[in-house]
Amino acid sequence: MYIYLYLNIFTILFPLLLSFDKKVAFYKNWPALFPAILVNAIVFMAWDAWFTDIGVWGFNEEYLTGIYLFNLPLEEVLFFITVPYACVFIYDVLNAYIQKDLLQPYARPIALGLMLVLPLIAVFHISELYTSITFTALVVLHLVHLRYFGTRYLGRFYLAYLVHLVPFLLVNGVLTYLPIVWYNNEYNLGLRIISIPVEDTMYSMLMLLLTISVYESLRQRKTVKHYAPLAV
């Protein structure tokens, strides 16, 4: 039962097919997208391999193809390609169809709130590595993003993040409910959204923010045309 592989296919299928839609033309931004995905994959695969080695999480071979790269299942490697692709696709579609940056007025307060709360949780749960490292990394990345971009993209990023939670809950729900991916509660808060560790929500935000930060940086440097809101 190659369920993890099927989940990867499900994740990328519609975003990939719709990338050629004339109204969004997402494929035109591939020159900036693919390097951003590569940066994301290198960072998160190294992190993933380490956490797998020390038993923070692991994988149920019953749902895998049995092909491994380093100590990671092929499906897990694909996850760091399919998910960022789908998430940036959501980000660009929202940018194209929603002219107003709805969350721009709240971007800085949201960022400041995260940067105040997450470090406190990380400090008080320093031994829970999934919690402390994920929360700390997300705060650091917010600081870096704000340093280089200010809040120019944050409002639209937060909107894309909120929308992405729908497929996130579906895919991660399957991954953790069966489970295809299991978590050692000694390394997390032990709080779950049904079967999903709450840390996964911040891990996903971290992965999406890293990809979009690199993506927008490359679009500026390579003078790739920025999105323009389109009339429906």
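User: In which loop is the place of Phe-70?
Analyst: This is a predicted model. Two strands flank Phe-70, namely residues 68-69 and residues 72-73. Phe-70 has its place in the loop between β2 and β3.

User: Is Phe-70 buried or exposed?
Analyst: A residue counts as exposed when its relative accessible area is over 50%. Phe-70 has 78% relative accessibility, so the residue counts as exposed.

User: What is phi of Phe-70 near?
Analyst: Phe-70 is a residue other than glycine. Its phi is nonetheless positive, near 60°.

User: Where does Ala-25 lie?
Analyst: Here is another loop residue with a positive phi: Ala-25, at about 50°, although it is not a glycine. The second of its two flanking helices covers residues 30-54. Ala-25 lies in the loop between α1 and α2.

User: Does Ala-25 count as buried or exposed?
Analyst: The limit for buried is under 20% relative accessible area. Ala-25 has 11% relative accessibility, so it counts as buried.

User: What kind of peptide bond joins Leu-178 and Pro-179?
Analyst: Pro-179 has its place in the loop between α6 and β4. Look at omega for the bond from Leu-178 to Pro-179: about -10°. The bond that joins Leu-178 and Pro-179 is cis.

User: Which residue's side chain does a polar contact of 2.8 Å join to that of Asn-8?
Analyst: Start with the place of Asn-8, which is in helix α1, residues 3-18. Leaving out residues up to four places away in sequence, Asn-8 touches Glu-75, Leu-78, Phe-79 and Thr-82. The polar contact of 2.8 Å joins the side chain of Asn-8 to that of Thr-82.

User: Why is Asn-8 buried?
Analyst: Buried means under 20% relative accessible area. Asn-8 is buried because its relative accessible area is 3%.

User: Which residues of the lining lie nearest the centre of the largest pocket?
Analyst: The largest pocket has a volume of about 510 Å³. Its lining has 31 residues. Nearest the centre lie Phe-79, Val-83, Phe-168, Val-171 and Asn-172.

User: Which elements give two or more residues to the lining of the largest pocket?
Analyst: Both helices and strands are on the list. The strands are β1 (57-59) and β4 (181-183). The helices are α1, α3 (74-97), α6 and α7 (199-221).

User: How many residues of the lining of the largest pocket are nonpolar?
Analyst: The lining also holds five polar residues and three charged ones. The nonpolar residues number 23.

User: Which residues have the most contacts inside the largest nonpolar core?
Analyst: This core has 72 residues. Helix α7 gives the most to this core, with twelve residues. Those with the most contacts inside the core are Trp-57, Tyr-158 and Ile-180.

User: With which residue's side chain does Thr-52 share a polar contact of 3.3 Å?
Analyst: Thr-52 lies in helix α2. Apart from residues up to four places away in sequence, Thr-52 touches Trp-57, Phe-59, Asn-71 and Leu-72. Seen from the other side, Trp-57 touches Thr-52, and its other contacts include Tyr-130 and Tyr-203. The polar contact of 3.3 Å joins the side chain of Thr-52 to that of Trp-57.

User: Does Thr-52 count as buried or exposed?
Analyst: The test is again under 20% for buried. Thr-52 comes out at 18% relative accessibility, so the residue counts as buried.

User: How far apart in space are Val-166 and Ile-3, C-alpha to C-alpha?
Analyst: Val-166 is found in helix α6, residues 154-177. At 62% relative accessibility, Val-166 counts as exposed. Val-166 and Ile-3 are 163 residues apart in sequence. In space, their C-alpha atoms are apart by 19 Å.

User: What separates the C-alpha atoms of Leu-18 and Arg-192, in Å?
Analyst: Leu-18 is found in helix α1. With 44% relative accessibility, Leu-18 counts as partly exposed. Along the chain, Leu-18 and Arg-192 are 174 residues apart. Their C-alpha atoms are separated by 33 Å.

User: How many Å apart in space are Leu-143 and Asn-185, C-alpha to C-alpha?
Analyst: Leu-143 is found in helix α5, residues 129-149. Its relative accessible area is 49%, so Leu-143 is partly exposed. In sequence, Leu-143 and Asn-185 are 42 residues apart. In space, C-alpha to C-alpha, they are apart by 29 Å.

Conventions: Residues are numbered from 1 along each chain as its sequence is written. This is a predicted model: local features need pLDDT of at least 70, side-chain atom pairs count only at pLDDT 80 or more; totals for chains, interfaces and linings use all residues. Side-chain values use heavy atoms; hydrogens and water are left out. Helices (H or I, at least four residues) and strands (E, at least two) are DSSP runs, numbered from the N terminus. Buried means under 20% relative accessible area, exposed over 50%, partly exposed in between (1.4 Å probe, protein chains only). A polar contact is a pair of N or O atoms within 3.5 Å; within protein, one must be able to donate a hydrogen and the other to accept it, and residues adjacent in sequence count only if both atoms are side-chain atoms. Contact means heavy atoms within 4.5 Å. On a 1 Å grid over the protein atoms alone, a cavity is a set of points where a 1.4 Å probe fits but cannot get out, and a pocket is an open set with protein on both sides within 12 Å along at least five of seven lines; lining residues have an atom within 4 Å of a point. Grid points are joined across faces, edges and corners, and a volume is the space filled by probe spheres set on the points. Ala, Val, Leu, Ile, Met, Phe, Trp, Tyr, Cys and Pro count as nonpolar, Asp, Glu, Lys and Arg as charged, and the others, Gly among them, as polar. A nonpolar core is a set of buried Ala, Val, Leu, Ile, Met, Phe, Trp, Tyr and Cys residues joined through side-chain atoms within 4.5 Å.
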